[in-house]
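This briefing is meant for a reader who is meeting the structure for the first time. Please keep the sequence and the 3D view side by side while reading.

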Amino acid sequence: MAGKVADLPNKRAGNLRQRLLQASRQVNIAIVKGLNDLEFDELRSTHTALLSNLDLDGASLTVVARNAGMTKQAMGRLADDLVHLGYITKTPDKTDRRTVHLTFTDKGLDLMHKSFAVMDEIEKRCANCIGLDSYRKLLASLSKIAKELDDG
């Protein structure tokens, strides 16, 4: 049994989930660093959970939380933070006052526009690292994996 337990860290560190989490963390860190360099100094990597899941024309807090795999409460705290920073607004839905709608402000849309440019640079770095053909295959493979594992 002791030998099996000793093997667990190696199996865990190399599995698909851990590799994807590690890559995702590094991409988020690189995006935030790139945006910080563009004088969006108050952004943190936690903000990317909301920013990357909010449609450019807005969405409900519930939808954004579900897409991010977070509770509404946790997403609500991120939303409050981004409202305070001036990137989004929170408004009650006109037809259902229990539903909160999130929308980008002009400052938030500027942030998103610049984040696309930052992401383009990150993707170029990744393609240079493993080669353009391998990078394209990686993206296609990740799409296939996501489709394969999609239960809904």
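Leaving aside its neighbours within four places in sequence, with which residues is Thr 105 in contact? The residues that Thr 105 touches, once those neighbours are set aside, are Gly 86, Tyr 87, Ile 88 and Thr 89. The model is a predicted one, and the points below go from the protein as a whole to a nonpolar patch on its surface and then to single residues.

**The protein as a whole**

- The secondary structure of the protein is made up of 7 helices and 3 strands, and, read from the N terminus on, these elements follow one another in the order α-α-α-β-α-α-β-β-α-α.
- Measuring along its principal axes, the C-alpha trace of the protein has a span of about 55 × 40 × 30 Å.
- The protein has 152 residues, of which 26% count as buried, and its accessible surface amounts to about 10,700 Å², with 54% of that surface belonging to carbon and sulfur atoms.
- If one takes the contacts in the protein between residues at least 6 apart in sequence, 50% of them join residues that are at least 24 apart.
- The protein carries 23 positive and 20 negative charges, and the mean positions of these two groups are 7 Å apart.

**A nonpolar patch on the surface**

- Leu 16, Leu 20, Ile 130, Leu 138, Leu 139, Leu 142, Ile 145 and Leu 149 together make a nonpolar surface patch of about 650 Å².
- Two helices, H2 (16-37) and H7 (132-149), each supply at least two residues of this nonpolar patch, and H7 gives the most to it, with 5 residues.
- Leu 138, one of the residues of the patch, has its place in helix H7, and Leu 138 counts as partly exposed because its relative accessibility is 37%, which lies between the limits of 20% and 50%.

**Thr 105, between a strand and a helix**

- Thr 105 is located in the loop that lies between strand S3 (100-104) and helix H6 (106-130).
- Is Thr 105 buried or exposed? Thr 105 counts as buried, because its relative accessibility of 18% is under the limit of 20%.

**Asn 53 and Ala 68, two residues in contact**

- Asn 53 is placed in the loop between helix H3 (48-51) and strand S1 (59-60), and Asn 53 counts as buried because its relative accessibility, 19%, is under 20%.
- Apart from its neighbours within four places in sequence, Asn 53 is in contact with Val 64, Asn 67 and Ala 68.
- Ala 68, for its part, belongs to helix H4 (residues 61-68), and with a relative accessible area of 26% Ala 68 is partly exposed.
- When residues up to four places away in sequence are not counted, Ala 68 touches Ala 49, Asn 53 and Met 75.
- Ala 68 and Thr 48 are separated by 20 residues in sequence, while the distance between them in space, from C-alpha to C-alpha, is 9.5 Å.

**Glu 39, a residue with a positive phi**

- Glu 39 is found in the loop between H2 and H3, and the phi of Glu 39 is near 75 degrees, which is a positive value in a residue other than glycine.
- Glu 39 is exposed, because its relative accessible area of 67% is over the limit of 50%.

Key:
Residues numbered from 1 in each chain as written. Predicted model: local features only at pLDDT ≥ 70, side-chain atom pairs only at ≥ 80, totals over all residues. Heavy atoms only, no water. Helix = DSSP H or I, 4+ residues; strand = E, 2+ residues; numbered from the N terminus. Buried < 20%, exposed > 50% of the residue type's maximum accessible area, 1.4 Å probe, protein only. Contact = heavy atoms within 4.5 Å. Areas by Shrake-Rupley, 256 points an atom, 1.4 Å probe, with all protein chains shown as cover. Lys, Arg positive; Asp, Glu negative; His and termini not counted. Charge placed at Lys NZ, Arg CZ, Asp CG, Glu CD. Patch = residues over 30% accessible without salt bridge, like charges linked within 9 Å, V, L, I, M, F, W, Y side chains within 5 Å. Salt bridge = Lys/Arg side-chain N within 4 Å of Asp/Glu carboxyl O.
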